[in-house]
Amino acid sequence: MTVTQLTSVATTYQERAAAWLQDFENALTKPDPGALHELFADDSHWRDIAAFTWDVVQFSGLDRVATELQRSAAAVVPVNFALDADRPAPGVSRFNDHEVVEAFFTFETQFGRCAGLAYFVEEDARASHGLRAYVLSTVLRSLHNVVEKHTGEPDPGYGFTPEWPGQTWTQYRARQVAYEDREPEVLVVGGGQAGICTAALLDNLGVDTLVIDKFERAGDSWRTRYEALNLHSPTTLSDFPFIPYPKTFPKYLPRDKHADWVEAYVKLLDLNYWTSSTFVDAVYDDSTQRWTARIERGDGSMRVLRPAHIVMSVGGSGGRPLMPAMKGIDTFRGTVVHSSQFTSGRDYRSSKALVVGVGTSAHDIALDLYRHGADVAMLQRGPITVVSLEEANTVYGSYMTDMDQSEADHRYYAGYVYPLMVEASKRNAQRNLEVDAELLEGLANAGMKLDIGEDETGWQMKFARYAGGYYLNVGASDVVVEGGISVMQYEHVDGFVPEGVALDDGTVREFDLVVMATGYEGLEVEVERYFGTDVAERVGPVGRLGPDGERRNFCKPTPQEHLWFTFGGIVEGRRSASWMALMIKAQLDGLVPALHRSEDGNSSGVRKPRRTRSCGLAMPESRVREHTWQPFSTGHGFLEAPRWYEGSLWASDFISREVIRFSPDGEHDTIMKIAGMPAGLGFLPDGSILVVSSEDRRVLRRRPHGELEFYADFAHIAGGRGNDMIVTSAGHCYVGNFGFERGKDEPRSARLTHIDPERRVNPVEGELMFPNGMVVDGETLIVAETYGHRLTAFRIDNDGRLIRSHVWAQLGDDQRPDGIALDSDGGVWYANAQAAGDTSGFYRVEEGGRITDRIVMDGAWAVACTFGGEDLSELYVIGARTSLEEFYAGRSDGFVGRANVGRRGVSGSQ
């Protein structure tokens, strides 16, 4: 971003911004957050990085911003607000396509020195000095009374203090690295760029830090990847802390040059670094607040360390290669390797190679194979966003100038506000389409399926949300356009055969090499592997965007005390490690209690007792908001699977065996009869209706204005009758089943069924206790386990595959979640099944298990719910007056009600 200094008014802007800061400091001391209202625009946003909140958070909307600022300020006591003399003076700038006044400032809290950046909009004289803050960004920069190691001045001696006369520097370093007479304060697991940036910043704060890495040399995490790999981020924005890249470095570093730089950086900064060391596991002791960690050294010996903190830096996708189950792959006679095992195309000259996937690694590997003379095809399983590299890097404008890197970083922090990111990404995506129009047309003609993201936000939001699904073209796209690399579509593949791939037209395309560029398992899998199921469930998802727009558990306190996560590219690793190091140091020095993420989602320094399962209400009942419902439609049997589609409410009736549609006044008509008992409902992108035929464990389809037809059979997977189902906007179906015969067998666990858009049927790994209602929240599927008394989350992979993630909410033993609905604030509403007493009704629960709302339904079972109405502001609730005996006998009085709960639903979530 370029700041335009208007000489004639610069002093005016400076005076006005300085006066605003003084008013802001005064307002923060007031007990009423209303004092801040005059200082902020109605659509204002605030992002804080550890300065006010000891967390990484963002808030939007005037009331929310004012309330959170006032609450946080009371805990940290911010003072001495002043314009930053080391940054550009306040001036007019463009931000998020708005003309704003930009002002950098500094301030202090009782814990440290902080920096801020405000973007103001100019308003009438009623606003403080004519300015209202549109965006406020605050960042913790340093801690009081902490002497930093790297001040820019050289050590006046020899860089170390000998422990005995005659000790050499080499001997001193060997003892420091060995950890034979002390424990590290922090153990960093993973020696890539994020890990060593974290170690360097902790070392600068005087924290005794050890990095361990499984490879033989620092930098081998890069050297062992495919030889054609080059960095796609320019060196102008990729400097490591304290030692910038030499000016002689090229704009984009080759793999080995970057690997050598990583190794040199470790040596130059004297980082304590163990190579050939594998992290085995760790257990946390609440009483000592230390971990017991086991590390297997290269010689086979086992070292036990007891660090206070562990930082996991094992990659943003996890450590284990993901090899999807593909029909017939075990019969293929050729070579099958994962992209992590691929080194160079020279090993496969003149081969017939198939690269499964079209992401960055897939493109790079396909191009390398092509350049070494292979006949190459890529197998595309989902659409891809393609942008030319130079066009993609225009979003890093501040870093492409001579601007100080910390200044550019702070501008980036301010722009990382989710609603604004989405707006900016949409504009950039449209520009990308225009600039790369010729390239994209050529790719489409070559058979590649393209998109610009699910909400037209392009590659930027794909990176933020999934860290994948895009390719920044460095040459492979041009070869695809020219026909040198062909593109095959997965929907036309019938399966693998010994000779290669059988296509749906009856032909076989021969291959002798398959490279699976299919990514890695999620970090959640690694957490369970290293720390156990309890910690994994407590921590939950790692890395992906949460409902607040921030990355979950990334470089900030997690629900497990003293456990941290970092990963990502060089830029992300450097920026994020800076504030994480300060938070860890603050805990070690006793400035704040042990930070952890509490059950309400906030970072807290106060330990809260963990909730027991004896009661489903995680809050006192007086604080649970209660709502009433009004009748909408009566006289039904047993309704299930309510859905809002094209302006109408739809549902299945178990007893009348009908799929019905309701008019706005509650009248209804029968859309179809299902002899095998209708259960879950869903709608395909073409408007077809899918319905689970429960008794025969099949899915049927009714095309728009067409006849009922068979769609898929899942009887070989289901241990009981078919149950609820959800259909995503991409056409992936996930179907539950009872797992046992109700009324006859003891309850048994069951697995979900995944039916992909090509109607391939596969089981989902992970046993569930009576999987029932489901919702989709972005890349996460949440399923109700009725007899498990919980909601469980699965990560949805790019190809629709479900990967079990964590317990989203553990409920009380008196809670049996049935049908569920998602609201726009990230809460899930569930029906408490088979309860007609005091606990009957519908509840709203937040991730972690906190109950916030309830709809009482005395004398009836709560069955399912969905949001509907013109703006999805009404919650439709389904109930039944029955009992288990009557239900099994086919007797039930079903009804539909409506409730206004003050929240809206999420389109496409059911």
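## A pair of hairpins

Let's start with a small pairing: Gly500 has Glu510 of β24 as its bridge partner. Gly500 opens strand β23, which covers residues 500-503, while β24 covers residues 508-510. The two strands run antiparallel and are joined by 3 bridges. Between them sit 4 residues of a hairpin, in which Gly506 takes a positive phi near 95 degrees.

On its other pairing, β23 meets β22, residues 493-497, again antiparallel, this time through 4 bridges. Phe496 stands opposite Val501 of β23 here. The hairpin that links β22 to β23 has 2 residues.

## How far to trust it

Keep in mind that this is a predicted model. The average pLDDT along the chain is 88, and 93% of the residues reach at least 70. Residues 1-10 are another story, with pLDDT below 50; that stretch makes 24 contacts in the model beyond near neighbours in sequence. Residues 605-622 also have a pLDDT below 50, and there the count of such contacts is 41.

## The parallel sheet

Now for a sheet of 5 strands. It's an open one with parallel pairing, and the order runs β11-β10-β9-β15-β26. The edges belong to β11 and β26 (563-565); each has a single partner strand, so one side of each has no neighbour in the sheet. On average, neighbouring strands are turned by 20 degrees against each other, if you ignore direction.

Take a look at the β26 edge: β15 (residues 309-312) and β26 run parallel, with 3 bridges between them. Ile310 is opposite Leu563 of β26. Helix α4 packs on this sheet and touches β9 (186-189), β10 (209-212), β11 and β15. The direction of α4 makes about 170 degrees with that of β10.

## Helix α6 and its cover

Helix α6 takes in residues 255-268, 14 residues in total. Does its length come out as expected or not, and why? At 1.5 Å a residue α6 should span 20 Å, and its end C-alpha atoms are 20 Å apart, so the two agree. Just after the helix comes Asp270, with a positive phi near 55 degrees.

Which residues of α6 are buried? They are Arg255, His258, Ala259, Trp261, Val262, Glu263, Tyr265 and Val266. As a general point, an α-helix has 3.6 residues a turn, so residues three or four places apart point the same way. The cover over the buried residues of α6 includes α4 (193-204), α5 (220-223), β11 (272-274) and α16 (570-588).

## Helix α16

One of those covering elements, α16, has 19 residues. From first C-alpha to last it reaches 26 Å, close to the 27 Å expected at 1.5 Å a residue. There's a kink of about 30 degrees in α16, centred on Ala577.

Is α16 mostly covered or mostly open? Mostly covered: 17 of its 19 residues are buried. After the helix you'll find Gly590, which has a positive phi near 75 degrees.

## Tyr245 in its loop

Finally, go to the loop between α5 and α6, where Tyr245 is found. Is Tyr245 buried or exposed? Its relative accessible area is 6%, so Tyr245 counts as buried, since buried means under 20%.

Setting aside neighbours within four places in sequence, the contacts of Tyr245 are Thr235, Ser238, Asp239, Phe240, Leu253, His258, Trp261 and Ile570. Two names there, His258 and Trp261, also appear among the buried residues of α6. Val480 is 235 residues from Tyr245 along the chain, and 34 Å separates their C-alpha atoms.

Definitions and conventions. Residues numbered from 1 in each chain as written. Predicted model: local features only at pLDDT ≥ 70, side-chain atom pairs only at ≥ 80, totals over all residues. Heavy atoms only, no water. Expected span 1.5 Å × (residues − 1). Buried < 20%, exposed > 50% of the residue type's maximum accessible area, 1.4 Å probe, protein only. Contact = heavy atoms within 4.5 Å. Pairing = 2+ DSSP bridges. pLDDT = per-residue confidence, 0-100. Axes fitted to C-alpha atoms, helices over the stretch in contact; angles between N-to-C directions. Bend = angle between axes of the 7 residues up to and from the residue.
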